[in-house]
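Student: I would like a close look at a single part of this structure. Please describe one buried site or one helix packing in detail.

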Amino acid sequence: MNFFHKIAIDRFHPSYVSGWCYHRFAKKKTLTLCLRVKDRIVSKTTANLFREDLLELGLHPTGKCGFELIIDPAAVCNGRQAYILTLEDSKRPLAVLNHGENERHWGQRIRGLISSSLSVFSGSRPRIVFMHIPKTAGTSFNTHSSKIFQRREISTHIELEDQSHYHILARDKKYLSGHLRFGVLKDFFGDQDFRFYTIVREPYGHLHSHLKWMIKTATSDSDNYFKYSNRVIYDLGRKLSGVAFDHASGIMDFVGNLDEVEARFFDNMQTRYFCDHEISRMTEVDFRQALDNTKRFSLIGLTEEYDSFFAKFIKQNSLADTQITRQLNRSLDPPLFDAADPVVRSALLPLVQYDLQLYEEVKKGW
């Protein structure tokens, strides 16, 4: 362990590294980090990006200790050489990144540092699987749950894990979370003593938030992960940035011209998560299957009533209560369109018609 600095790597790719780092005894001091291959500096940055999760968990007084490093592949002669992360004025390693390691494990280390610092013991804890539908307050739920479960018990973003390892997760973990549809979660964890949870959001607000996120992945100056790791998402975000969402005609063109790949990102996205199998376009048959699968969940929450959902989760599982100060990961960017405008809602209806039905059923049933 580095005595003077606390560091975590949460994304590691041959062309990209990100995480957070701060001085243990001077947390507000801004650090300059270097990534080295042998003795050559291949990337340098300042660890001052805002990390809302660290602020919420009380690990850092301002949250401004995040970083990302972009690596030019041409600067690395041998792509299998280790990356060594240091301070600018030191060659002493803060972290050593080996490409032969499962890059996924670096993502677990941030959650390990968080949960080992903050977990609250409450006796025998239940075994939880959280189906993380993007843009529904799932990041908040994972962060707040990390205050309750211990480091060794948690594994989030399991969609990045090789599925051949899921039997190990089922054996060793008590809290699992991932961007995976219910069919996958059911196949791997349905026969275990896990309880299933998820959160859904008002569909027009959810679609709007998801579109904004996709655009931001391609236009942000402070988060370039998808630019280097997933060109499908990055290129789609670039395409969306050119759509005239502030005009009804632009919205109708967007909806009417989605191809099959693009539809999987936007066509009734929340309902898709409850399905057994990957589908191209949502149908009534798919919706009925999704609705039936909601019966397998111990609790389904609403983003708009997040605090109430988390309180019910705590009570239902007899867990030690933990203070919630706010939801995380909320966008402050201006809206793309007025989701209350009847013309806009009509234009977007094909993309949310089943999500609307599912949302109403959840409101009534839970």
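Tutor: The account below treats one residue and then one pair of helices. This is a predicted model, in which local features need pLDDT of at least 70, side-chain atom pairs count only at pLDDT 80 or more, and totals for chains, interfaces and linings use all residues. Residues are numbered from 1 along each chain as its sequence is written, and side-chain values use heavy atoms, with hydrogens and water left out.

Glutamate 262 lies in helix H10 (residues 260-266); helices are DSSP runs of H or I with at least four residues, numbered from the N terminus. Its relative accessible area is 9%, so glutamate 262 is buried (under 20% relative accessible area, with a 1.4 Å probe and protein chains only). Leaving aside residues up to four places away in sequence, glutamate 262 touches Leu236, Lys239 and Asn257, where contact means heavy atoms within 4.5 Å. With lysine 239 there is a side-chain to side-chain polar contact of 2.7 Å; such a contact is a pair of N or O atoms within 3.5 Å, and within protein one must be able to donate a hydrogen and the other to accept it, while residues adjacent in sequence count only if both atoms are side-chain atoms.

The helix pair is H3 (residues 138-145) and H13 (residues 306-316), which pack at an angle of about 40° with axes 12 Å apart. Ser140, Phe141, His144 and Ser145 in H3 meet Tyr306, Phe309, Phe310 and Phe313 in H13.

Note on methods. Axes are lines fitted to C-alpha atoms, for helices over the stretch in contact, and angles run from 0 to 180 degrees between N-to-C directions. Helices (H or I, at least four residues) and strands (E, at least two) are DSSP runs, numbered from the N terminus. Buried means under 20% relative accessible area, exposed over 50%, partly exposed in between (1.4 Å probe, protein chains only).
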